[in-house]
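Colleague: Could you walk me through this one? I'd like to learn how to read the side-chain and backbone features.

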Amino acid sequence: MKKIQKIAGILSSQEILELINEDIITSGNGIKKDLIQPASIDLRLGFKAWRVPASFLPGKENKVSSRLKDLAMHEFSLVDGAVLECGCVYIVKLLESVRLSESLTGIANPKSSTGRLDVFTRLIVDGSTEFEEVPAGYVGPLYAEISPRTFSVLVRTGSRLNQLRLRRGQSF
């Protein structure tokens, strides 16, 4: 495979595929090429979800999993599908995780179909103080915060609600 020139900016689908091949973007379930878009990768809901009383950020030096131990109202499986109730807030560990170098950052946003369904979703990571951002050098899991706004929705492991763009060079 031809080596891709490493220039600053949003990574292309070819560069994202290279990161997958280098185990910088990983998933225990594998990553099929249909997850890769021209300048992003679709993120998939994992196996478990937690209902929480409100939106939260873990804060510096805190893990999302530790905060869930304190905040979660209940935990449930998404394997066979589950209904996320309108007006409630849920946290779901995603199937994908990352091992970013100091020259890579990430930013997430909902897929356009998610917005059309009026499902509010955003990304959180361990140690985060801002939604949607994956800082340079971050190594760890990715989580989605999900809150259906107009009506309850059925989701399952593998559902795609948001996407991640990666950038080499200056942060977003």
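Colleague: Where is the place of Glu132?

Modeller: Glu132 is in the loop between strand 8 (119–125) and strand 9 (133–134). Helices (H or I, at least four residues) and strands (E, at least two) are DSSP runs, numbered from the N terminus. Bear in mind that this is a predicted model, where local features need pLDDT of at least 70 and side-chain atom pairs count only at pLDDT 80 or more, while totals for chains, interfaces and linings use all residues. Residues are numbered from 1 along each chain as its sequence is written, and side-chain values use heavy atoms, with hydrogens and water left out.

Colleague: What is phi of Glu132 near?

Modeller: Start with the general idea: most residues other than glycine have a negative phi. Glu132 has a positive value, near 75°. Asp23 is another residue with positive phi, near 60°, and it sits in the loop between helix 1 (13–21) and strand 2 (25–27).

Colleague: Is Glu132 buried or exposed?

Modeller: Buried means under 20% relative accessible area, exposed means over 50%, and partly exposed is in between (1.4 Å probe, protein chains only). Glu132 has 16% relative accessibility, so it counts as buried. Asp23, at 48%, is partly exposed.

Colleague: Which residue lies over the face of Phe131?

Modeller: For a charge over a ring, NZ of Lys or CZ of Arg has to be within 6 Å of the ring centre and within 35 degrees of the ring normal. Here Arg122 does the job, 3.4 Å from the ring centre of Phe131.

Colleague: How many aromatic pairs does a search of the whole structure find?

Modeller: Rings of Phe, Tyr and Trp (its six-membered ring) pair if their centres lie within 6.5 Å; planes under 30 degrees apart are stacked, over 60 edge-to-face, and the rest tilted. The whole-structure search turns up one pair. Phe76 and Tyr90 meet edge-to-face, with 5.9 Å centre to centre and 90° between the planes. The pair links distant parts of the chain, 14 residues apart: Phe76 is in strand 4 (residues 74–77) and Tyr90 in strand 6 (residues 89–99). Both Phe76 and Tyr90 are buried.

Colleague: Why is Cys88 in no bond with Cys86?

Modeller: A disulfide is a pair of cysteine sulfur atoms within 2.5 Å. By that rule, the count is zero. Cys86 is in no disulfide, and its nearest cysteine sulfur is that of Cys88. The two are unbonded because the sulfurs are 7.9 Å apart, too far for a bond. As for accessibility, Cys86 is partly exposed at 33%, whereas Cys88 is buried at 11%.
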